[in-house]
Amino acid sequence: TGGGNGPSLLMGNLIRSLFNTKTSITGAGLSAGPQSVGGILDSGFNLQNFADVNSKSKFFGITTSNKNSTEYQAADPALSRQFGLVFQDFANALSLAADPLGLALNDVKERINAFTVDIGKIDLKDLTGEEIAEKLGAILGAAADNLATAAVPGLIEFQKVGEGYFETTIRVAAGIETAGAALDLLGIT
């Protein structure tokens, strides 16, 4: 039984090997184009999933076409919301730092709202959960540092080795606020 299918199956495989197209995913993850922080705070974070796709076509075993493309689709709304909340937290922390640092709050907020975040494509293909968290943390940390540098410039000389600018800004503002509260308790102005 089935003996008659052997030659036709073999012929089908031979034909497919002569004329075939192979498609593979070369990258996949999250993507977000340029967005102002003000726009993120007003309308949310525009996050997408992406997949980089490679298609190779062969004719008699010779590659006749090798095309790369990227396909996008909307990311899970809950994930987009989480990214938006992260940038809201960055904006809130920098706004709170304005007063202790002696900066006009409106000026700091204007710089925050005007700042453009562009995280681009974040390839997460084949990464473990821990590796994904580490990569996203690094990308969001860099975005926070760039935002802080734009919103509250002039604190580079206070930066410790290995400390990001956002962390420096918050640390210096908290230190000034703590020192001010201690001086107030002692009746010193």
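# Notebook: helix H3 and its surroundings

I began with the pair H3 and H5, and found that H3 passes H5 in a right-handed crossing. The model is a predicted one. I listed the residues that make this contact: H3 contributes Phe83, Val86, Phe87, Phe90 and Leu94, while H5 contributes Leu136, Leu140, Ala143, Ala144, Leu147, Ala148 and Ala151. I then took the geometry of the pair. Two packed helices are described by the angle between their axes and the distance between the axes. For H3 and H5 I have axes that come within 11 Å and cross at roughly 35°.

**Overall layout.** I stepped back to the whole chain, where I count six helices and six strands. Read from the N terminus, the order of elements is α-β-β-α-β-β-α-α-β-β-α-α. The chain has 189 residues, and 29% of them are buried. I also looked at contacts with a separation of 6 or more: 62% of these join residues 24 or more positions apart.

**Helix H3, length.** Does the span of H3 agree or disagree with the expected one? H3 covers residues 77–98, which is 22 residues, and at 1.5 Å a residue it should span 32 Å. I find its end C-alpha atoms 32 Å apart, so the two agree.

**Helix H3, faces.** I noted the buried residues of H3 as Ser80, Phe83, Gly84, Phe87, Phe90, Ala91, Leu94, Ser95, Ala97 and Ala98. These cover an arc of only 165° around the axis, so they sit on the same side of H3. On the other side I found Arg81 and Leu96 exposed. Phe83, Phe87, Phe90 and Leu94 are buried, and these residues also take part in the contact with H5.

**Helix H3, N-terminal end.** Which residue caps this end? I find Asp76 there, with a side-chain oxygen 2.8 Å from the backbone nitrogen of Ala78.

**Ser95.** I picked one residue of H3 for a closer look, Ser95. Its relative accessibility is 16%, so I enter Ser95 as buried, the cut-off being under 20%. A polar atom of the Ser95 side chain lies 2.9 Å from the backbone oxygen of Ala91. Setting aside neighbours within four places in sequence, I list Leu105, Val108, Lys109 and Ile112 as the contacts of Ser95.

**Glu131.** I moved on to H5, where Glu131 is found. Glu131 has 39% relative accessibility and therefore counts as partly exposed. I looked up where the side chain goes: the side chain of Glu131 reaches the backbone nitrogen of Thr128 at 2.8 Å.

**Asp126.** I stayed in this part of the chain and checked the loop between strand E6 (120–123) and helix H5 (129–151), where Asp126 has its place. Most residues other than glycine have a negative phi. Asp126 has a phi near 65°, a positive value in a residue other than glycine. Is Asp126 buried or exposed? Its relative accessibility is 67%, so I enter Asp126 as exposed.

**Asp52.** My last entry is an aspartate in strand E3 (residues 48–59), Asp52. Asp52 has a relative accessible area of 16% and is therefore buried. Not counting residues up to four places away in sequence, I find that Asp52 touches Ser24, Ile25, Thr26, Gly27, Ser69, Thr70 and Lys121. Of these contacts, Lys121 falls within strand E6 (120–123).

Note on methods. Residues are numbered from 1 along each chain as its sequence is written. This is a predicted model: local features need pLDDT of at least 70, side-chain atom pairs count only at pLDDT 80 or more; totals for chains, interfaces and linings use all residues. Side-chain values use heavy atoms; hydrogens and water are left out. Helices (H or I, at least four residues) and strands (E, at least two) are DSSP runs, numbered from the N terminus. The expected span of a helix is 1.5 Å times one less than its number of residues. Buried means under 20% relative accessible area, exposed over 50%, partly exposed in between (1.4 Å probe, protein chains only). The arc is that of the directions from the helix axis to the C-beta atoms. A polar contact is a pair of N or O atoms within 3.5 Å; within protein, one must be able to donate a hydrogen and the other to accept it, and residues adjacent in sequence count only if both atoms are side-chain atoms. Axes are lines fitted to C-alpha atoms, for helices over the stretch in contact, and angles run from 0 to 180 degrees between N-to-C directions. A crossing is left-handed if the near helix is turned anticlockwise from the far one by less than a right angle, and right-handed if clockwise. Contact means heavy atoms within 4.5 Å.
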